[in-house]
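Good morning, and thank you for making time for this presentation. I would ask you to keep the sequence and the structure in view while I speak.

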Amino acid sequence: MSHSPPISQHNDKTKYSAAFIAIGFLLTSAILFGGGGSRFPATEIFIQLAALPALFIGVRNLNIANLSRDEKFIGLLLIASLALIILQIIPLPPFIWQSLPGRDLLVDLANVIGRDNAWYSLSIDPSMTIDSGLSLVIFAAIILAGYHINTSERIKLFKLILGLAGVHLFIALMQMASGGENFYFYATSHKGLPVGLFANRNHMGTLMILSIMVCAALYHYQRVEPRNNGIKKSDISMAMIIYGSAAALFTLGVLITNSRTATALLFIAFLLIIFLAIPKKHSRLAMPFTIGGAIIIGGGALLLYYTNRFEVLNRLLERFEQNDDQRFEFWPNIWQALQNYMPFGSGLGTFDIGFRANEDLEIVGSHFVNNAHNEYLELALETGVFGPLITIVALLWLLRKILRLIKDRFNMGSQDLTALYLSIGVGLIALHSLTDYPMRRFTILAICAFFVSSITHKRKSIG
């Protein structure tokens, strides 16, 4: 198996591949402009167009025979997702669509306007399904183009992600410095909070956590790669300083968002990093060290809270004491609504219409529920049993991957060790999806796609 040159010895005159340039352009577009969501369609359209070069390159150069088993598996999941979208927008004869669960209002409306014999799709709004389904283009473009870049180019793209995340953090600090009045790029209910280039502080927190995992992955790549390429120990020490400092800044970026979910995920990320940092000769102490780390981190946070030494942390911990989360009020209603559409769902992207038609008047108030704030509930309402089935298969693959990599962490090379931290990053996105909708933001979607591409990456040498 061939190996790429060490990071510190890459030739500046190296010719970059078209796939590398296309992915870099797409990641830059998605990270800088993909934080607003569907309420800002102009930026979404721009990013979808930015995905086309990577998609074209990926499809044009595709050679299935050269793909790894994991790469083929992800490809099958993409095909299944595409098939689901197509099935939801195909027009169906009246006797079929009128018999689907949850279509009573549509049937009544069709009868009133004299369209009872018209053909309609499974989705209650196929235009919304198409709009939502186009996000698959971004994920597929990064996966397919990712087949054609080498390890050196992949490392550079991860550094690009860190640099762009730094732009978000800088903007967030500017927002704080302005007293929460300026430097906001989207109309947001979170104005006054540091959200960076997002419209939502929770997604800003997720980006910061993913950046921390990238720092951990790149450091361990640099640390393990010398076994093959002879990088100096001084370079490894410098990498520790650089990536450690960057991780500390991104940690601050999580805390200033005041996001309870992001803070909980940060805590989990730190415990896993501590666990994985224990060397093989002390592996029996890994669990005690991790528990000790949890106690120290938690105890230190409480000490700062009760002594009022860290205002940002004090405000954050005060939020954990509050019991004002409205998710618990409308989740039961969403659960009831999704059952009304089972087993086929209302159509991808139609949560707003599907939920509104079944919303309990008791929970109607001044706040507009435009998302389920639980990716899995929302996906079940929109796609019935089929979307969750694809998701479960993907999560089981991810869990198996993480467990295998953890088990073999003392004996694997730099790429597999890097894949471990990236797999955990994807797992943290999956956990965040329990209380939010991070994958419906193109910034997080694109980074997740690049993580998955790198996890399944079949190592390629330069040239």
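I shall go from the chain as a whole to two helix pairs, then to backbone geometry, and finally to individual residues.

Please bear in mind throughout that this is a predicted model. The chain has 463 residues, and buried residues make up 52% of them. Its secondary structure amounts to 20 helices and two strands. If we take the contacts with a separation of 6 or more, 77% of them join residues 24 or more positions apart. The chain exposes about 22000 Å², and 65% of that area is supplied by carbon and sulfur atoms.

Let me turn to helix packing. How do the axes of α1 and α7 cross? Helix α1 covers residues 18-33 and helix α7 covers residues 135-146; their axes come within 9 Å and cross at roughly 155 degrees. Angles over 145 degrees count as roughly antiparallel, so α1 is roughly antiparallel to α7. The crossing of these two helices is left-handed. On the α1 side, the contact is made by A19, I23, L26 and L27, and on the α7 side by I138, A141, I142, A145 and G146. By character, the residues of this contact divide into eight nonpolar, one polar and no charged.

Helix α7 also packs with α6, which spans residues 126-133; here the axes are 4 Å apart and the angle is about 25 degrees. Since angles under 35 degrees count as roughly parallel, α6 is roughly parallel to α7. In this pair, D131, S132 and G133 of α6 meet S135, L136 and V137 of α7. The residues of the contact between α6 and α7 divide into two nonpolar, three polar and one charged.

I now come to backbone geometry. As a general point, most residues other than glycine have a negative phi, and most peptide bonds are trans. Which peptide bond is cis here? The bond from M342 to P343 is cis, with omega near 5 degrees. P343 belongs to the loop that runs between α15, residues 327-341, and α16, residues 351-356.

Positive phi values deserve a word as well. F183, a residue other than glycine, has a positive phi near 70 degrees. F183 sits in the loop between α8, residues 151-177, and α9, residues 201-224. With a relative accessibility of 39%, F183 counts as partly exposed. N258 also has a positive phi, near 65 degrees. N258 is placed in the loop between α11, residues 233-256, and α12, residues 260-277. Is N258 buried or exposed? Its relative accessible area is 10%, and N258 is therefore buried, the limit for that class being under 20%.

The loop between α8 and α9 also holds G192. G192 is partly exposed, at 40% relative accessibility. Which residues does G192 touch, once those up to four places away in sequence are not counted? They are G180 and Y184. The C-alpha atom of G192 is separated by 6.2 Å from that of E181, 11 residues apart along the chain.

N117 lies in another setting, the loop between α5, residues 104-112, and β2, residues 120-121. N117 has 62% relative accessibility and so counts as exposed, since exposed means over 50%. From N117 to Q98, 19 residues apart along the chain, the C-alpha separation is 9.8 Å.

I close with two glutamates in helix α17. E378 is in this helix, which covers residues 375-383, and E382 is found there as well. E378 is buried, at 2% relative accessible area, and E382 is buried at 1%. With neighbours within four places in sequence left aside, E378 contacts F351, N371, A372, H373 and R440. For E382, on the same basis, the contacts are Q88, F344, G345, S346, G347, L348, G349, T350, F351 and R440. F351 and R440 thus appear in the contacts of E378 and in those of E382. Finally, E382 and G347 are 35 residues apart in sequence, while their C-alpha atoms are 4.6 Å apart in space.

Thank you for your attention.

Terms used:
Residues numbered from 1 in each chain as written. Predicted model: local features only at pLDDT ≥ 70, side-chain atom pairs only at ≥ 80, totals over all residues. Heavy atoms only, no water. Buried < 20%, exposed > 50% of the residue type's maximum accessible area, 1.4 Å probe, protein only. Contact = heavy atoms within 4.5 Å. Areas by Shrake-Rupley, 256 points an atom, 1.4 Å probe, with all protein chains shown as cover. Axes fitted to C-alpha atoms, helices over the stretch in contact; angles between N-to-C directions. Parallel < 35°, antiparallel > 145°, perpendicular 65-115°, else oblique. Left-handed = near helix turned anticlockwise from the far one by under 90°. Nonpolar A, V, L, I, M, F, W, Y, C, P; charged D, E, K, R; others polar.
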